[in-house]
Each structure stands twice: as C-alpha cells, then as structure tokens.
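Visitor: Please take one part of this model and go through it closely, with its packing, its burial and its charged contacts. I would like a single connected account.

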Amino acid sequence: MALYDNNQHRSILTNRERQIFQLLVEDNSTKEISALLSISEKTVRNHISNTIQKLGVSGRSQAIVELLRLGELSLN
C-alpha cells in the first residue's frame, strides 16, 4: 500500500499529528506540546504512537526522519 499517490499528494497524517510532529521537530517536549495544544500528555503520546505505527518505524526519531523524507514535515 502506497503512503501517497505520486500524482496528487495525500497526507498520511491528521492535522493534529502534523502539529505535534512539527512541535517535536522544533524541540518541544511532550509536556510542552500538551500545554501548547491544551491537550493531555497522554493524548500527545497517543498521537505520536499512532504516527509511528502508520509509518512502520520504531521510534520518534525514525518517524521524524521518515516524515521529512516524505515531505510531511519541514525544518524551519
């Protein structure tokens, strides 16, 4: 199963997952992200875990690298 169609880019992330990973790239902790987004730390961890599963990688760092490679995230 392809993660996206080459003719028309479809994101594999929800808007919230993208927000969270962008904040991770910007060096925010889980606690900081939960405060910034007004959600619980558990919810932040759940979004991170869901994304890791979608990508089939084994951790946050690998997820970030893969999301950058796929063009889902950018370094500011």
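Guide: Where helix 1 meets helix 2, the residues on the helix 1 side are Arg16, Gln19, Ile20, Leu23 and Leu24, and those on the helix 2 side are Ile33, Leu36 and Leu37; a contact here is a pair of heavy atoms within 4.5 Å, and helices are DSSP runs of H or I with at least four residues, as strands are runs of E with at least two, numbered from the N terminus. The model is a predicted one, in which local features need a pLDDT of at least 70 and side-chain atom pairs count only at pLDDT 80 or more, while totals for chains, interfaces and linings use all residues. Residues are numbered from 1 along each chain as its sequence is written, and side-chain values rest on heavy atoms, with hydrogens and water left out.

The axes of helix 1 and helix 2 are 10 Å apart and enclose an angle of about 130°, the axes being lines fitted to C-alpha atoms over the stretch in contact and the angles running from 0 to 180 degrees between N-to-C directions. That angle makes helix 1 oblique to helix 2, since under 35 degrees counts as roughly parallel, over 145 as roughly antiparallel, 65 to 115 as roughly perpendicular, and the rest as oblique. The crossing of helix 1 past helix 2 is right-handed, a term used when the near helix is turned clockwise from the far one by less than a right angle, with anticlockwise giving a left-handed crossing.

Within helix 1, which covers residues 15-25, the buried residues are Glu17, Ile20, Phe21, Gln22, Leu23 and Leu24, where buried means under 20% relative accessible area, exposed over 50% and partly exposed in between, for a 1.4 Å probe and protein chains only. Their cover includes helix 2 (30-37), helix 3 and helix 4. An α-helix has 3.6 residues a turn, so residues three or four places apart point the same way. After helix 1 comes Asp27, whose phi is positive, near 70°.

Three of the helix 1 residues, Ile20, Phe21 and Leu24, stand with Ile33, Ile48 and Leu67 as those that touch the most other members of the largest nonpolar core, a set of 18 residues; such a core consists of buried Ala, Val, Leu, Ile, Met, Phe, Trp, Tyr and Cys residues joined through side-chain atoms within 4.5 Å. Helix 1, helix 2, helix 3 and helix 4 are the elements that give two or more residues to this core. In soluble globular proteins, nonpolar side chains tend to be buried together. Beyond its neighbours within four places in sequence, Phe21 is in contact with His47, Ile48, Thr51, Arg60, Ala63, Ile64, Leu67 and Leu73.

Charged residues of helix 1 take part in two of the pairings described next. Glu17 forms a salt bridge with Lys54, the closest N and O atoms being 2.7 Å apart; the term stands for a side-chain nitrogen of Lys or Arg within 4 Å of a carboxyl oxygen of Asp or Glu. This pair links distant parts of the chain, as Lys54 belongs to helix 3 (residues 41-55) and lies 37 residues from Glu17. Glu17 counts as buried, at 4% relative accessibility, whereas Lys54 is partly exposed, at 38%. Arg18 in turn is bridged to Glu72, with 3.0 Å between the closest N and O atoms, and this pair too links distant parts of the chain, Glu72 being in the segment after helix 4 (60-69) and 54 residues from Arg18. Here Glu72 is buried, with a relative accessible area of 5%, while Arg18 is partly exposed, with 25%.

The structure holds 4 salt bridges, and another of them joins Arg45 to Glu41, the closest N and O atoms being 4.0 Å apart. Both residues lie in helix 3, 4 residues apart, or about one turn of the helix; Arg45 is partly exposed at 41%, and Glu41 at 34%. Glu41 also appears, with Ile39, Ser40 and Val44, among the contacts of Ser34 outside its neighbours within four places in sequence. Ser34 itself is placed in helix 2 and is buried, with a relative accessible area of 10%.

For the chain as a whole, the secondary structure comes to 4 helices and 0 strands, and buried residues make up 37% of its 76 residues.
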